Structures are given as C-alpha cells and as structure tokens.
Amino acid sequence: MRTSFRDFVKTGKGKLTVALCALGLSWIFLLWNFSGSFGELLPGEERIDALEREIKQLKQQNATLLARRKAADELKERYRKQLESYWHEERDGVVETELRNKIQQAASEIELKLNSLGSVRTTRINNELYYAEIDLSTSGTLETLVRFLGRIQEIRPSLSWRRLDLRPEMRNTDLIGNMNFNGAIRIIGFDGEEPDRKGGTK
C-alpha cells in the first residue's frame, strides 16, 4: 500500500493531487488565523459610510485651506502694490534731500516763494516702514496756492498732507488779498526687502 502511494505521488496526477491538498490546507490555515483581516478587506456598509464622511470632511478642509491660501496671496499682492507708492531711496533718492527738492521745485514752477521749508524728519513705523515729514509755510493769492497744491499732488511718489492751514492775510485788521498757508507734508518710506509676486523676498 505504501509502495503504491509513493508510486502514485511520483506520477504527474499524484503530484498535482498533493499540491492541491497542500494549497487547500494553506488556505484553511490563513482563513483560520487572519479571518479578521480578511473581513476588513471587504468592509460593510457602516464602514463605507464612515469612509465617505471622512472623505467629505477632508474635501471641505482642503477647500477651506485653498480659500485661505488665496486670500493670503491676494493680501500679499495688495501689499506689494501698495509698496510701489511708498518712497524707496534706491528709486527716489535720499528722502532728507530729495523730498525738500521736490517741494521747492513745485513752488518755483509757479513762482511761489516759500517763507519757510523745514528739514525732513523721519519716524519709524516698524522694521520696514517709516514716516518722512516736512513743515512749510508761504503766502499768496488763493489761485496761486491752489496751483501749488495741484503741483504737490502731481509729485511721485504721492505725498499727503498731515496738516494744512489756510487763512486770509490780515494787515491792521484789513484783508490785503493774500492767504497765509501753513502745512506739513508726509510720505511713507519703505527700506525693507521687497516681496516678489509669489510672496517671498527678492
């Protein structure tokens, strides 16, 4: 009997039979020991619903992050464009001298004599921004002073008036036709590293 079984195993059919039996035993062993893992490979409806909810939450979180990123990029771009209107010494010259020169030139172009033009004062706002201010006073006809204000408005980078006082010129309690003008001009300067269009620094 033993001899016949051994002879059978040596045949092609016998080898196939033994291989199939071994494979079957292997599957029984795997199913017995890893039935829980196999069950997870084929999740039920409850598990599928939980996964769908998780995917939905992840999509919502991703959409929120993308919206925040877009808003941050837009804010950086607005800031970059705003910086272009500030005083840059590399582009506009030393503010302490060039700002005075621009105001004097605006006055001379309309033949207006400035009674006084102070020195430029700078005050830090933060590590990158500062104020530059200068006081001035003059007198003239209303038409001339309006032209002077127009010239100041044309200066680039744009200037703003921190203080402006316009009063009729009096002499012995009588109006003499001229106006006294006093004011303080201010501009914001930038001396930090300029951000590029991607939000970094150049």
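This passage walks through the helices, the core, the surface and the salt bridges of the structure shown above.

The model is a predicted one, and its protein chain holds 7 helices and 5 strands. Reading from the N terminus, the elements run α-α-α-α-α-α-β-β-β-α-β-β. Of the 202 residues in the chain, 22% are buried.

Helix H6 is a good place to start. It has 15 residues, and the distance from its first C-alpha to its last is 21 Å, close to the 21 Å expected at 1.5 Å a residue. Val95, Leu99, Ile103, Ala106 and Ala107 are the buried residues to look for in H6. They sit on the same side of H6, because the arc they cover around the axis is only 100°. There's a simple rule behind patterns like this: an α-helix has 3.6 residues a turn, so residues three or four places apart point the same way.

Just after H6 comes a small oddity. Glu111, in the loop between H6 and S1, has a phi near 55°, which is a positive value in a residue other than glycine. Glu111 also counts as exposed, because its relative accessibility is 74% and the cut-off for exposed is over 50%.

Helix H7 can be read in much the same manner. It covers residues 142-154, and its 13 residues should span 18 Å at 1.5 Å a residue; the end C-alpha atoms turn out to be 19 Å apart, which agrees. Thr144, Leu145, Phe148 and Ile152 are buried in H7. These residues share one side of H7, because they cover an arc of only 95° around the axis. Glu143, Gln153 and Glu154, on the other side of H7, are exposed.

So what do the buried sides pack into? The largest nonpolar core has 24 residues, and the ones that touch the most other members are Leu99, Ile103, Phe148 and Ile152. Two or more residues of this core come from each of H6 (95-109), S1 (114-117), S3 (129-140), H7 and S5 (174-190). H6 gives the largest share, with 5 residues. Leu99 and Ile103 have already turned up among the buried residues of H6, while Phe148 and Ile152 were met among those of H7.

Not every nonpolar side chain is tucked away, though. Leu142, Val146, Leu164 and Leu166 make a nonpolar patch on the surface, and together they have about 330 Å² of accessible area. H7 and strand S4 (160-171) each put at least two residues into this patch. One of the patch members, Leu142, belongs to helix H7 and counts as partly exposed, with a relative accessibility of 46%. The loop between H7 and S4 is where Pro157 lies. The peptide bond leading into Pro157 from Arg156 is cis, with omega near 0°.

Charged residues come next. Side chains of opposite charge can pair when their charged atoms come close. In this chain the count comes to 13 salt bridges. One of them joins Glu109 and Arg151, whose closest N and O atoms are 3.2 Å apart. Glu109 is in helix H6 and Arg151 in helix H7, so this pair ties together parts that lie 42 residues apart in sequence. Both partners are partly exposed: Glu109 has a relative accessibility of 38%, and Arg151 has 32%.

A second salt bridge connects the side chains of Arg124 and Asp191, at 2.8 Å from N to O. Arg124 belongs to strand S2 (residues 121-124) and Asp191 to the segment after S5, so parts 67 residues apart in sequence are tied together here. Arg124 is partly exposed at 45% relative accessibility, and Asp191 is partly exposed as well, at 43%.

A third one pairs Arg186 with Glu133, at 2.3 Å from N to O. This pair links distant parts of the chain, with Arg186 in strand S5 and Glu133 in strand S3, 53 residues apart. Here the partners fall into separate classes. Arg186 is partly exposed, with a relative accessible area of 23%, whereas Glu133 counts as buried because its relative accessibility is 10%, and buried means under 20%. The pair doesn't stand alone, either: Arg186 and Glu133 are part of a network of salt bridges that also includes Arg121, Asp135, Arg162 and Arg163.

Definitions and conventions
Residues are numbered from 1 along each chain as its sequence is written. This is a predicted model: local features need pLDDT of at least 70, side-chain atom pairs count only at pLDDT 80 or more; totals for chains, interfaces and linings use all residues. Side-chain values use heavy atoms; hydrogens and water are left out. Helices (H or I, at least four residues) and strands (E, at least two) are DSSP runs, numbered from the N terminus. The expected span of a helix is 1.5 Å times one less than its number of residues. Buried means under 20% relative accessible area, exposed over 50%, partly exposed in between (1.4 Å probe, protein chains only). The arc is that of the directions from the helix axis to the C-beta atoms. Patches are made of residues with over 30% relative accessible area and no salt bridge: like charges are joined within 9 Å, nonpolar side chains (Val, Leu, Ile, Met, Phe, Trp, Tyr) within 5 Å. Accessible areas come from the Shrake-Rupley method with a 1.4 Å probe; for residues, only the protein chains shown count as cover. A salt bridge is a side-chain nitrogen of Lys or Arg within 4 Å of a carboxyl oxygen of Asp or Glu. A nonpolar core is a set of buried Ala, Val, Leu, Ile, Met, Phe, Trp, Tyr and Cys residues joined through side-chain atoms within 4.5 Å.
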